[in-house]
Structure formats: structure tokens, C-alpha cells
Amino acid sequence: MKSQFKKGATVAVLDDTIKGVVVAIENQEVTIEDDDGFSMTFNASELVLIGGDQKEFSKFIDIKNDVLIEKEQSSQKKISVKRLKNRERPPLEVDLHIHQLTKSTRGMSNYDMLTLQLDTARRQLEFAIKKNIQRVILIHGVGEGVLQKEIEFLLGRYNVEIQPASFQKYGFGATEVYIYQNQ
């Protein structure tokens, strides 16, 4: 099968923002050199020819090529289908490790640190309720379990359901909070 590309032709990579000039063609392998002088080899099916009136481009926007237009339209369809299936927003993740909340713990007692962590958890929970975010992940760490117990006590004041967060992602040190919102 003869390649549609010729040496000296300007091409763009389909799934990236790389463009360059064809410097070598061997079977279906096309080697291009980009503006910075780097040589890269691609399969001919991964490249599109850029016409003379298409010198500047950004990814997919102004390259007029049937293959590229079809690829862009199919990816837009996939995105809209995903949005229909996944209406739930990602959870709000709140890391309550003390080193994430303050620059230094110098001069802070254990009580001060625990109070700061609980105040942060309460503020973020109120924010999630205000912004209609249904799930919150409170990352508290494992430790001796003092913060975890205090968080569970705090959450008892709200209309929420709690459970351990994903072990694969957070290990044993996180609690997932599902907030029942009034619609």
C-alpha cells in the first residue's frame, strides 16, 4: 500500500499537538521532524496531511481533514454519553493531616491540632452542603483513631451516612460521607 505522504510535506499527529515535516518514509512508517529538530516516527494512520493554507493550528481546531473531523465528532459524542451516565459529581476530598493544614505545629498542643482538624472538617462539610456536593472524603489517617472518632461524633449532628472510603485509594485512613440534600 502506497503512503499518501511525500518527503517535505507538512503533517500533524492525530492524537497530539505535534506537527512536522516528513523526512523519511519506509513502508507505513513515516519519520517527521518537528520545529525543534526532533525526529519522530509514526504509523501513517496516525498522521494527517496539512494543506498549504493550514500553517498554524491547535489540536483539531483548524485542520481541515475528513479523518480528523470524523474523529473529533465521535469523541464529542462519547463525552456527551459519559455525562449522561455519570451525573454524580466527584467527591470533595479533604486531607485532615495536620501538616496539610498548618505550616508548623510548633507551640500547638494535641488539643489545638485536633481542634484545627475538626474545624476544617466542619467547614468543608458546611461548604459541601452549601454547594450541593453529595459526597465528601475526609482523609484522617490511621494513627490511634482519636481524630476518626471525633469526626464520627461531629458527623452525627448532620443528615449524613458514613462509611469507610475506598481502601484501594485511601487505605484505612479515610471516611466517605454521603450528604442527604433537600431538593
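How many bridges join β6 to strand β7, and in which sense do the two strands run? In this predicted model, 4 bridges link β6 to β7, the latter covering residues 135-139, and the two strands run parallel. If you would like one pair to look at on screen, take E93, whose bridge partner in β7 is I137.

Let us step back to the sheet that holds this pair. It is an open sheet of 4 strands, with the order β6-β7-β9-β8 and mixed pairing. Its edge strands are β6, at residues 92-95, and β8, at residues 160-164, each of which pairs on one side only. From one strand to the next, the twist averages 20°.

Now for the helices that pack on this sheet. Helix α3, residues 110-130, touches β6, β7 and β9, the last of these spanning residues 174-179. The direction of α3 makes about 170° with that of β6. Helix α4, residues 146-155, also packs on the sheet, where its contacts are with β7, β8 and β9. Here the direction of α4 makes about 160° with that of β8.

Between β7 and α4 lies a loop, and V142 has its place there. Is V142 buried or exposed? V142 counts as exposed because its relative accessibility is 57%, and the cut-off for that label is over 50%. V142 also belongs to a nonpolar patch on the surface, together with F167 and F172. The accessible area of these three residues together is about 380 Å².

Next, turn to the strands with lower numbers. Strand β2 (residues 19-26) and strand β3 (residues 29-33) pair in the antiparallel sense, with 5 bridges between them. Within this pairing, V21 of β2 stands opposite E33 in β3. The hairpin of β2 and β3 has 2 residues between the strands, and N27 takes a positive phi near 55° in it.

Strand β3 has a further partner in β4, which covers residues 39-43. These two strands run antiparallel and are joined by 5 bridges. One pair to pick out is E29, whose bridge partner in β4 is N43. Which residue takes a positive phi in the hairpin of β3 and β4? That residue is G37, with a phi near 90°, in a hairpin that has 5 residues between the strands.

While you browse the strands, one general point may help: in a regular strand, side chains alternate between the two faces of the sheet.

How values were computed. Residues are numbered from 1 along each chain as its sequence is written. This is a predicted model: local features need pLDDT of at least 70, side-chain atom pairs count only at pLDDT 80 or more; totals for chains, interfaces and linings use all residues. Side-chain values use heavy atoms; hydrogens and water are left out. Two strands pair if DSSP finds at least two bridges between them. Axes are lines fitted to C-alpha atoms, for helices over the stretch in contact, and angles run from 0 to 180 degrees between N-to-C directions. Contact means heavy atoms within 4.5 Å. Patches are made of residues with over 30% relative accessible area and no salt bridge: like charges are joined within 9 Å, nonpolar side chains (Val, Leu, Ile, Met, Phe, Trp, Tyr) within 5 Å. Accessible areas come from the Shrake-Rupley method with a 1.4 Å probe; for residues, only the protein chains shown count as cover. A salt bridge is a side-chain nitrogen of Lys or Arg within 4 Å of a carboxyl oxygen of Asp or Glu. Buried means under 20% relative accessible area, exposed over 50%, partly exposed in between (1.4 Å probe, protein chains only).
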